[in-house]
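Good morning, colleagues. Please take a moment with the sequence and the model on the screen, and then I shall walk through several of its features.

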Amino acid sequence: MPVITKNRELRPHTYTGGAGNSSEMENKFKEGCMKNSERTFEQALQCQQQNSLSCLISMEDAAFVIHSPLGCAGCVATVNESYKVGQHYAGKEVLKNAHYVVTNLDQKDVILGGEKKLRKGITDVYNRYHPKMIFIFTSCASGIIGEDIDAVAETMQAEIDAIIVPVHCEGFRSRIMSTGFDAVFNALSEYVLKDEHPVTDQHLINVFASTYIGVPDQREIARILAALDLVPNFIPFYSNYEKIKKIPTAIASVSLCHVFADNFMQWLNDQYGIPFSVTGMPLGTKNTDDWLRGVALLVGKEKEAEEFIESEHQRISEDLGVLKEKLGGKRAFICAGSGRSMATARLIEDFEMKLVGIQTPHYDEVVAPKIGRLIEEYGEDFVVDIASLQPFEQANLIRRLKPDVFIGLANWASRQGVATTHVLDSKHITLGYTGLVYLGNKINDAISNNGLNQKLAKHRPLHYKESWYEQNPFQYLV
């Protein structure tokens, strides 16, 4: 029987809805009296299938069958762009698209079943691309009608000279999109690694990199790890079959985001005895310091880590001083996944900015201490909104809080005239100490050159009525 991914909501003390003052929420969480709120009205929600797709779509020697209606593959276009950007920075002269097909389930298939289309999709991608691995992604449609993709994979494995890997990532199953990452790693452990025990490489470390960690960032992380005499095995973005098979040979594992591959690293520890570190995303000085020290502790290189940290702080001190003069006191609102939002909140502290609000898709035993640390480091409270997207709440909050800059996906905030930027950038170094300088300048540029957003607010404002902005942004939370 396949290992079906457990929803992250089933983890103890995990919340997918709620909002309020940061100190009040932290205290309620500590006291065990925090309530998981539901919304009587919702406007948007990201599904876990999108994370599963984006996680694997850049595998170099793999092909993909998306067992869904055509629209479910729409998100692939964005990740495919990042995949091609990565190929460019890796020095490839001819750029290729991700190798995928969509079974295009329709009304007839929902009634009678889509197994015939799935089998054809597997055959087509194999004959067209001759991959080493074929991943099958489920969807809401295929999940609702109970398509047995594992049985199809098993029966077709004898016909196909490629490892067929089912990924159970029906979007409706979890309100926490990071469950899609878990589905990917469960599939890799069951169908690709298969409990093999190769010889350990004393210099290799698994680095589990979330979707938008580009090649420039991978090179920067490799430079940082070289200070500890370690070579990274980046999984799974820009990865391949050979790198996947090397996972059990690593001396240690680390993630570039606290929600990414945490269960999988625990499984590697249980199965192979590979120690791991989960700290957070190495954005800015404090986050990068913590991240590197976590790795150093695993391999007994604490002294080397401290020497490197000191030299890097000295290297960027002048640039950081200039950025503090430009950005000090500026007010920021942050919206991102829980890992990136918490890391970004500490990043802007390097510039002596002020945090006025933060949106995170969930709140749990990992997020709560990070909120507490932010309260302590900033010395004052801020608004916390536990929300996966929900632009109507975000628009109301931005109108009330009046930040100088919105850091996150700018779809809605830009039309309110607020300066917007984000820390996702596959073309530049954003991580580590070098990335700190780039992101500081990027935030400053957004604030200094906000003409476009001001024109959008004037000519293409959001469609909400003025009466909505006068209401409590959290009135639909019960």
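Which helix gives the most to the lining of the largest pocket? The answer is α3, with five residues. Before I go further, please keep in mind that this is a predicted model.

Let me begin with the pocket itself. The space in the largest pocket comes to about 1200 Å³. Its lining is made up of 50 residues, and the closest to the centre are Gln-46, Gln-50, Tyr-212, Leu-409 and Leu-424. Four elements each supply at least two lining residues: α2, spanning 48-56, α3, spanning 76-89, β10, spanning 331-335, and α14, spanning 338-350. By class, the lining of this pocket consists of 24 nonpolar, 22 polar and four charged residues.

I would like to stay with α3 for a moment, and with one residue in it, Lys-84. Is Lys-84 buried or exposed? Neither term applies: its relative accessible area is 29%, so Lys-84 is classed as partly exposed, given that buried means under 20% and exposed means over 50%. Beyond its sequence neighbours up to four places away, Lys-84 touches Leu-95, Lys-96 and Asn-97. As for the backbone, 9.5 Å separates the C-alpha atom of Lys-84 from that of Val-94, a residue 10 positions apart from it along the chain.

A second residue to consider is Ser-426, in the loop between β14, residues 419-421, and α17, residues 432-448. Which residues does Ser-426 touch, not counting those up to four places away in sequence? They are Ser-82, Val-85, Tyr-89, Gly-214, Val-215 and Pro-216. Ser-426 has a relative accessibility of 12% and therefore counts as buried, the limit being under 20%.

Let me turn from the open pocket to enclosed space. Rolling a probe the size of a water molecule over the atoms shows where empty space is left. How many cavities of 30 Å³ or more does the structure hold? There are three. The second largest cavity contains about 40 Å³ of space. Its lining is formed by Thr-16, Arg-39, Glu-42, Leu-45, Arg-175, Pro-361, Ala-387, Ser-388 and Gln-390. Divided by class, that lining has three nonpolar, three polar and three charged residues.

Gln-390, one of those lining residues, also deserves attention for its backbone. Its phi is near 55 degrees, a positive value in a residue other than glycine. Gln-390 sits in the loop that runs between β12, residues 383-386, and α16, residues 391-401. With a relative accessibility of 0%, Gln-390 counts as buried.

Ala-261 is another non-glycine residue with a positive phi, here of about 70 degrees. The loop that holds Ala-261 lies between β8, residues 252-255, and α11, residues 262-272. Its relative accessible area is 1%, so Ala-261 is buried.

One peptide bond should also be noted while we are on backbone geometry. The bond from Ile-235 to Pro-236 is cis, and its omega is near -5 degrees. Pro-236 belongs to strand β7, which covers residues 231-236.

I close with two helix pairs. How do the axes of α8, residues 179-193, and α11 cross? They do so at roughly 30 degrees, and they come within 8 Å. The two helices are therefore roughly parallel to each other, since angles under 35 degrees are classed that way. In this contact, Asp-182, Phe-185, Ser-189 and Leu-193 of α8 meet Asp-262, Asn-263, Phe-264, Trp-267 and Tyr-272 of α11. The residues of this contact are five nonpolar, two polar and two charged.

The other pair returns us to α14, one of the elements that supply the pocket lining. Helix α12, residues 284-299, and α14 have axes that come within 6 Å and cross at roughly 125 degrees. These two helices are therefore oblique to each other, because that angle falls outside the ranges for roughly perpendicular, 65 to 115, and roughly antiparallel, over 145. From α12, the residues in contact are Gly-284, Thr-285, Lys-286, Asn-287 and Asp-290, and from α14 they are Ala-343, Arg-346, Leu-347, Glu-349 and Asp-350. Here the classes are two nonpolar, three polar and five charged residues.

Terms used
Residues are numbered from 1 along each chain as its sequence is written. This is a predicted model: local features need pLDDT of at least 70, side-chain atom pairs count only at pLDDT 80 or more; totals for chains, interfaces and linings use all residues. Side-chain values use heavy atoms; hydrogens and water are left out. On a 1 Å grid over the protein atoms alone, a cavity is a set of points where a 1.4 Å probe fits but cannot get out, and a pocket is an open set with protein on both sides within 12 Å along at least five of seven lines; lining residues have an atom within 4 Å of a point. Grid points are joined across faces, edges and corners, and a volume is the space filled by probe spheres set on the points. Ala, Val, Leu, Ile, Met, Phe, Trp, Tyr, Cys and Pro count as nonpolar, Asp, Glu, Lys and Arg as charged, and the others, Gly among them, as polar. Axes are lines fitted to C-alpha atoms, for helices over the stretch in contact, and angles run from 0 to 180 degrees between N-to-C directions. Contact means heavy atoms within 4.5 Å. Buried means under 20% relative accessible area, exposed over 50%, partly exposed in between (1.4 Å probe, protein chains only).
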